Amino acid sequence: MTIVTRFAPSPTGFLHIGGARTALFNWLYARHNGGKFLLRIEDTDRKRSTDAAIEAIFDGMKWLGLDWDDEPIFQYSRRERHAEIARALIADGKAYHCYASREELEEMREKARAEGRPPIYDGRWRDRDPADAPTGFDPVIRFKSPNEGATVINDLVQGEVTFANRQLDDMILLRADGTPTYMLSVVVDDHDMGVTDIIRGDDHLTNAARQQQLITALGWPLPRLAHIPLIHGSDGAKLSKRHGALGVDAYRDMGYLPEALRNYLLRLGWSHGDDEIISTEQAIDWFNLENVGKSAARFDFAKLENLNGVYIREADDAYLTSLIAPILSEKAGRPLNANELKILEKAMNGLKERAKSVISLADSSLFLFAARPLVLEANAQKLLTTDACNILGRLADRLEQLDEWNKEVAEAAVRAAADSEAVKLGKIAQPLRAALTGSTVSPGIFDVLDVLGREQSIGRIRDAAAANG
């Protein structure tokens with residue numbers, strides 16, 4: 001049997017981080033088992049569903065690298081099929097028309113609350129003679145839920161979960177206007193799509209009991225279920241925007257790499273021994289449901305940031321250049337030219353060592369293309385004392401005498417200058433960094449000299465020496 005999983009978001013907003021993890025788990029499970037991963041857009045809420053949200057879901061999935069098989073299914077387009085199933089259940093005596101008015105339903109709920117009972121539908125039209133139906137009133141169609149016994153969910157994560165049937169009332173399948181409800185649509189779509197395994201948040205456990213009753217009544221095979229714990233904030237509270245409950249697009253804009261976010265989401269509620277850095281290939285090879293925890297995972301921005309830094313340091317320089325070039329171009333108001341892109345890629349090995357995000361990586365590279373004379377940060381300006389600038393002026397003279405220019409030659413010249421001045425290397429390197437970058441933090445100073453080149457390096461050094469000497 002081919003394993004088929006699905007991700008079924010509602011297009012009422014962006015692809016949020018919890019949904020992204022659910023999509024990832026379904027994708028990994030399908031890929032691990034050589035199966036299919038399907039995408040269904042549950043757009044039956046016509047007032048809240050938007051084309052922009054649909055595109056955001058597609059974009060978020062593609063950015064995360066979660067490709068789906070076959071064309072996406074749009075639930076609203078299948079509403080006639082859903083209604084057909086509801087009518088078939090009526091014909092089989094497994095559903096019925098309910099004519100209870102809104103006022104009756106509210107009175108029913110109030111009475112139940114007053115008596116300490118769950119405020120659920122009391123089944124008053126369940127076995128009533130259709131001849132009693134009022135005229136001029138469009139009924140809903142309700143499912144005849146079992147009244148006795150229990151519904152048992154054999155969950156691959158939660159284990160055996162039992163629901164007393166008396167607590168599950170006769171749910172609505174078709175509204176009075178003929179539109180299907182979520183509960184009916186999901187069951188029909190999962191069956192028609194051939195879904196074998198449903199992996200979703202454990203907030204759907206009660207839905208699972210109702211859906212299992214409906215699937216059984218229809219005589220369809222039950223899919224395997226795995227309800228994964230939700231994601232909480234680092235303080236254990238329900239995930240909110242302050243914790244990281246943002247759209248996937250927000251993480252992209254904050255400078256996180258998709259592979260880093262994917263790795264982090266994988267480790268939220270799933271583990272493989274002590275492994276923290278897990279490649280996509282390893283994730284597909286290792287993923288299973290046995291290692292999904294039963295406790296809520298905690299989202300921690302600090303851990304994500306650290307993991308992102310690891311991925312940036314290990315990333316290909318050309319790849320990182322392609323990511324930050326558009327950011328630098330936007331800041332400059334023009335595309336970077338071929339020579340500037342070459343300089344950027346050459347500098348990347350040193351730049352990425354301290355970066356925690358694509359944004360910070362871009363910011364740290366701005367000095368490469370800054371116009372002369374540089375605008376110095378306050379702390380950098382403090383390093384350019386009169387004595388330091390006099391030393392820099394003599395260093396510039398020494399550098400101008402070099403026959404060739406590369407990292408090794410530049411390093412040798414700077415060290416020779418320190419010996420000549422009878423000072424420690426840091427006494428030259430620190431003001432030199434300020435002069436070359438305008439900052440106190442940069443890649444290795446010899447790498448900076450190499451990347452900037454002879455003309456730019458000496459020019460910046462002389463600018464600083466002249467302005468502060």
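The questions and answers below concern a predicted model of a protein chain.

In this predicted model, local features need pLDDT of at least 70 and side-chain atom pairs count only at pLDDT 80 or more, while totals for chains, interfaces and linings use all residues. Residues are numbered from 1 along each chain as its sequence is written, and side-chain values use heavy atoms, with hydrogens and water left out.

Me: What makes the protein chain more spread out than a compact globule?
Reply: The radius of gyration, taken over C-alpha atoms, is to be set against the globule rule, which is 2.2 Å times the number of residues to the power 0.38. For 469 residues that rule gives 23 Å, whereas the protein chain has 32 Å, which is well over it, and therefore the chain is more spread out than a compact globule. The C-alpha atoms fill a box of roughly 105 × 45 × 40 Å along the principal axes.

Me: Why do strand 1 and strand 3 stand at the edges of the sheet?
Reply: A strand here is a DSSP run of E with at least two residues, and a helix is a run of H or I with at least four, both numbered from the N terminus; two strands pair if DSSP finds at least two bridges between them. The open sheet has the order 1-2-3 with parallel pairing, and strand 1 (4-7) and strand 3 (73-74) each have a single partner strand, so one side of each is left without a neighbour in the sheet.

Me: How do you know that strand 1 is paired with strand 2?
Reply: Four bridges join strand 1 to strand 2 (residues 36-41), and the definition asks for at least two, so the two strands count as paired. Val 4 has Lys 36 as its bridge partner, and Arg 6 stands opposite Leu 38.

Me: Why is Asp 70 called partly exposed?
Reply: Buried means under 20% relative accessible area and exposed means over 50%, with partly exposed in between (1.4 Å probe, protein chains only). Asp 70 has 47%, so it is partly exposed. This residue lies in the loop between helix 2 (51-64) and strand 3, and its phi is near 65°, a positive value in a residue other than glycine.

Me: What makes Ala 422 count as exposed?
Reply: Its relative accessibility is 70%, and therefore Ala 422 counts as exposed. Ala 422 is found in the loop between helix 16 (407-421) and helix 17 (425-437), with a positive phi of about 60° although it is not a glycine.
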